[in-house]
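Work through the exercises below with the sequence and the structure in view. Each task is followed by a solution in steps.

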Amino acid sequence: MKAGEPWVGFCYTPHYVFALHDMQILEEPAYDAAKWNVLQPTDDPDWLEKSEAGVAWDLAYLHLHFAKSLEEEYPEVATMLSNMKLDTDTVSAMTFALVIEGQEPLAYAEEWVGANEDAVLGWMSN
């Protein structure tokens, strides 16, 4: 990409590369478990030759996990974390700010929460 040449490769979303570059996601046949056979190098030394993926990757989801003890010790925090919703563009922008721009995480978080106060307050209600 730095050379100005076309590039094709794998990248998941959310990812800061989508905020850094004008990326185009290629259309692929939908995921079909019967057509997805991808081995890992740790599974077989001939993993690449034996793998086949003629369809898109299966959907993956980003989940926020927290200690069960928060529900009793800090119920307001547990409620907020349980209700928290971030879209792909938001998470990509966050990773761009932290990874590419090198923003300090606490300062970024404080600014983000201030700019998105309504959403954050909505996460705090049952």
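## Exercise 1: Aromatic rings

Tyr31, Trp36 and Trp57 are joined by ring pairs into a cluster. The model is a predicted one.

Task: State how many aromatic pairs the structure holds, and describe the pair formed by Trp112 and Trp123.

Solution.
- Step 1. The count of aromatic pairs in the structure is 3.
- Step 2. In the pair of Trp112 and Trp123, the ring centres are 6.1 Å apart and the planes meet at 20°. Planes under 30 degrees apart count as stacked, and the pair of Trp112 and Trp123 is stacked.
- Step 3. Trp112 belongs to helix 6 and Trp123 to helix 7 (residues 117-123), so the pair ties together parts that are 11 residues apart in sequence.
- Step 4. The cut-off for buried is under 20% relative accessible area. Trp112 has 15% relative accessibility and therefore counts as buried. Trp123 has 10%, so Trp123 counts as buried as well.

## Exercise 2: Helix 5

Task: Compare the span of helix 5 with the expected span, then find its buried residues and what covers them.

Solution.
- Step 1. Helix 5 runs over residues 88-100, which gives 13 residues.
- Step 2. From first C-alpha to last, helix 5 reaches 17 Å; at 1.5 Å a residue, 18 Å is expected, and the two values are close.
- Step 3. Look at the start of helix 5. There a side-chain oxygen of Asp87 comes to within 3.3 Å of the backbone nitrogen of Asp89.
- Step 4. Look past the other end. Gly102 follows helix 5 and has a positive phi, near 70°.
- Step 5. Val91, Ser92, Met94, Phe96 and Ala97 are the buried residues of helix 5.
- Step 6. Among the parts that cover these buried residues are helix 1 (17-20) and helix 6 (105-115).
- Step 7. Take Met94 as an example. Beyond residues up to four places away in sequence, Met94 touches Leu86, Tyr108 and Trp112.

## Exercise 3: The largest nonpolar core

Task: List the residues of the largest nonpolar core and say which helix gives the largest share.

Solution.
- Step 1. The core has 10 residues in all: Leu70, Ala78, Met80, Leu81, Met94, Ala97, Tyr108, Trp112, Val120 and Trp123.
- Step 2. Two or more of these residues come from each of helix 4 (75-83), helix 5, helix 6 and helix 7.
- Step 3. Helix 4 gives the largest share, 3 residues.
- Step 4. As background, nonpolar side chains in soluble globular proteins tend to be buried together.

## Exercise 4: Salt bridges

Task: Find the salt bridges of the structure, and decide for each partner whether it is buried, partly exposed or exposed.

Solution.
- Step 1. There are 2 salt bridges in the structure.
- Step 2. One joins the side chains of Lys50 and Asp44, at 2.8 Å from N to O.
- Step 3. Lys50 has 44% relative accessibility, so Lys50 counts as partly exposed. Asp44, at 15%, counts as buried.
- Step 4. Glu71 and Lys68 form a salt bridge in which the closest N and O atoms are 2.7 Å apart.
- Step 5. Glu71 is partly exposed, with a relative accessible area of 39%, whereas Lys68 counts as exposed at 62%.

## Exercise 5: Three residues in their places

Task: Locate His15, Ala53 and Leu62, and state how exposed each residue is.

Solution.
- Step 1. His15 is placed in the segment before helix 1. Its relative accessible area is 14%, so His15 is buried.
- Step 2. Leaving aside neighbours within four places in sequence, His15 is in contact with Ser92 and Thr95. Ser92 is one of the buried residues of helix 5.
- Step 3. Ala53 lies in strand 2 and, at 42% relative accessibility, counts as partly exposed.
- Step 4. Not counting residues up to four places away in sequence, Ala53 touches Lys35, Trp36 and Val38. The C-alpha atoms of Ala53 and Val38 are 6.5 Å apart, with the two positions 15 residues apart in sequence numbering.
- Step 5. Leu62 is found in the loop between strand 2 (52-53) and helix 3 (70-73). With a relative accessible area of 67%, Leu62 is exposed.
- Step 6. Leu62 and Gly102 are 40 residues apart along the chain, and 23 Å separates their C-alpha atoms.

Conventions
Residues numbered from 1 in each chain as written. Predicted model: local features only at pLDDT ≥ 70, side-chain atom pairs only at ≥ 80, totals over all residues. Heavy atoms only, no water. Helix = DSSP H or I, 4+ residues; strand = E, 2+ residues; numbered from the N terminus. Expected span 1.5 Å × (residues − 1). Buried < 20%, exposed > 50% of the residue type's maximum accessible area, 1.4 Å probe, protein only. Contact = heavy atoms within 4.5 Å. Polar contact = N/O pair within 3.5 Å; in protein donor to acceptor, adjacent residues only side chain to side chain. Phe/Tyr/Trp six-rings, centres within 6.5 Å; stacked < 30°, edge-to-face > 60°. Core = buried A, V, L, I, M, F, W, Y, C linked by side-chain atoms within 4.5 Å. Salt bridge = Lys/Arg side-chain N within 4 Å of Asp/Glu carboxyl O.
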